[in-house]
Each structure stands twice: as C-alpha cells, then as structure tokens.
Amino acid sequence: MRTPLIVGNWKMNKTASEARTFVRDFQQLFEIPADAEVVLAPPFTALESVRSSLGPTSWIALGAQNLHWEGHGAFTGEISGAMLLDLGCRYVIVGHSERRALFGERNTDVQKKVRAAVTCGLRPILCVGESLTERETGQTEGIIAEQLSSGLDQLTAADLRAVTIAYEPVWAIGTGRAATVAQATAVHRSIRAFLAKGWNDDAAATMRILYGGSVTAQNAASLLAESDIDGALVGGACLNPDSFAKIIAAAKRNPIG
Ligand code: PGA
C-alpha cells in the first residue's frame, strides 16, 4: 500500500505566533491520528514554533519549502538541509513552480537540491508541472519528463525511496481551477511509466505521486479516490485548520501496482 501523504504548503503565510494558534486549533480536530501521513510546511521562521506546538511525539510531520544544496558556507540568506533536519524537518519541498518562475530556479538547481536533501536524510517532494501554454501546445508529457529526468538525475532506485513527486500544473496553482481527475490521472500514469522505464517497476509502484493545484475540501475526495493519486500538496486551503482537516479525511490508501 502507498500511504497517502497530505502536505500543507503554507508558502509565505503565518508568523510564528499565528503558527502556534493554527497548530493548537488543527490538533483539536483529530481524536486519533489520520489514515494519511500529514506534513505541515510553514515558512522557515515558523518551523520551530510548529515543532514545539506539535510536541515530540506528534504523528504530524514537519517539512520545509526549500533548501540550499550546499551543507554550509558563504551563501547569505540560504538554509541548508542539515539546518532543517536539526529543526526536526522530515520533508522538504523542492522545485515548486513559484521558485522556478519567481526566483529563477532551473532544472539543474532543482537536481542539486533533490540530491542534497536525499544525501542529508531529508525526504524531498519534487514538484513538476506544465504551464497553460505548454499544455495547450501538447508539451505536457515532454516538459514533465524533462523536469523528472533532470530532477532525479543520478539517483538510484534506493535513493528514490526517499522521494515523493508532486504533479502541480502551473495553471491550477492558486487559480481555483484544479485539474480534472482525468487530467491529473493521465499525468500521474505517465510519471509512473517514466519511473518504470528509467529505474524499475518497483520504483514506479512504490513512488507516491501527489496532486497539487487548487485542491479544496470540496474536490479532494474525487481526486484522492483515484488509485494513481497518492495524496495532495495543498496551498490556499491548508491555511484554515477546518478545510485542511477535511482534505486529510478524504485521503485513502492506494494499492500498489
Ligand atoms: P494552491 O497551491 O492549493 O493554493 O493552488 C498549491 C501549491 O502551490 O502547492
């Protein structure tokens, strides 16, 4: 079984004190741990307050939104994987389309970040996705194959076990226009086929492939019911404890293969 993974990407939202309030309210919504694995990915400045609010034995994991590929050194303003691990992070989002479009991250940068994360023991969530023009001109599969082959370059099948892939069509992020179940499923299947060809069937069958882009409490159940959609990377709808909890409740386990 691929355990579903629901990740809340807070982006540049919530101060450290707002984060404490969120975690308190959010935890009160669960009497028992959810069926899904859940990750909160607040800004760097709120990681410590989320960690201490969750407490040492929480079933909810901590993730970061970015990392630098070097371990330490003269890189003003950057944060290393070792620093994130030391703060209790287990996951890190890599290559989000906002980082690619607004901060000039290229496939080669994304590759170094994925590798740095795996090497230091973090679990990277590699984001891939096409723009609207790329979709309309029939380039979706090619663009995603390019992002995957570069992002996962030099990783072994064993390394891939630490990796999660998030399919996030750029045109669906923050627009209120999620991909249809059919659109998401078609791309998820092509990603799995790409992994089977580049590595092996086991790597393809065990990889968790998340969908992201305008996931809400309303559309989560239909997306997550698909056996090829193993979870969600949620932006806007994760900022409210109630709507995020509803999305988590919609997740179910998917059989491998
Ligand atoms: P959204 O963002 O849910 O607000 O569309 C998703 C993301 O960017 O990860």
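How are α5 and α7 oriented to each other? They are oblique to each other, and the details of that packing come further down. Welcome to a quick tour of this predicted model, which holds 12 helices and 8 strands. At its centre of interest here is a barrel closed by 8 strands, and several helices are described below by how they lie against strands or pack on other helices.

**Overall form**
- The C-alpha atoms of the protein fill a box of roughly 45 × 45 × 35 Å along the principal axes.
- A compact globule of 257 residues would have a radius of gyration near 18 Å, and the protein's value of 17 Å agrees with that.

**The barrel**
- Follow the strands in the order β1-β2-β3-β4-β5-β6-β7-β8 and you trace the closed barrel, with parallel pairing.
- On average, neighbouring strands of this sheet are turned by 25° against each other, ignoring direction.
- For a look at one pair, take β5 (residues 123-128) and β6 (residues 164-167), which pair in the parallel sense over 4 bridges.
- Within this pair, leucine 126 has isoleucine 165 of β6 as its bridge partner.

**Helices lying across strands**
- Helix α1 lies across β2 (37-41) and β3 (60-64), and its direction is at about 165° to β2.
- Helix α7 (residues 140-151) lies across β5 and β6, running at about 155° to β5.

**Where α1 meets α12**
- Helix α1 (residues 16-27) packs with helix α12 (residues 241-249) at an angle of about 45°, and their axes are 9 Å apart.
- That angle makes α1 oblique to α12.
- The crossing of these two helices, α1 and α12, is right-handed.
- From α1, the contact uses Phe22, Asp25 and Phe26, while α12 brings Pro241, Phe244, Ala245 and Ile248.
- By class, the residues of this α1 and α12 contact are 6 nonpolar, no polar and 1 charged.

**Where α5 meets α7**
- Helix α5 (residues 107-120) and α7 pack with their axes 8 Å apart, at an angle of about 45°.
- Angles under 35 degrees count as roughly parallel and 65 to 115 as roughly perpendicular, so α5 and α7 are oblique to each other.
- On the α5 side the contact is made by Asn107, Thr108, Gln111 and Val114, and on the α7 side by Glu146, Gln147, Ser150 and Gly151.
- This contact of α5 with α7 has 1 nonpolar, 6 polar and 1 charged residues.

Terms used:
Residues numbered from 1 in each chain as written. Predicted model: local features only at pLDDT ≥ 70, side-chain atom pairs only at ≥ 80, totals over all residues. Heavy atoms only, no water. Axes fitted to C-alpha atoms, helices over the stretch in contact; angles between N-to-C directions. Parallel < 35°, antiparallel > 145°, perpendicular 65-115°, else oblique. Left-handed = near helix turned anticlockwise from the far one by under 90°. Contact = heavy atoms within 4.5 Å. Nonpolar A, V, L, I, M, F, W, Y, C, P; charged D, E, K, R; others polar. Pairing = 2+ DSSP bridges. Rg over C-alpha atoms; globule rule 2.2 N^0.38 Å.
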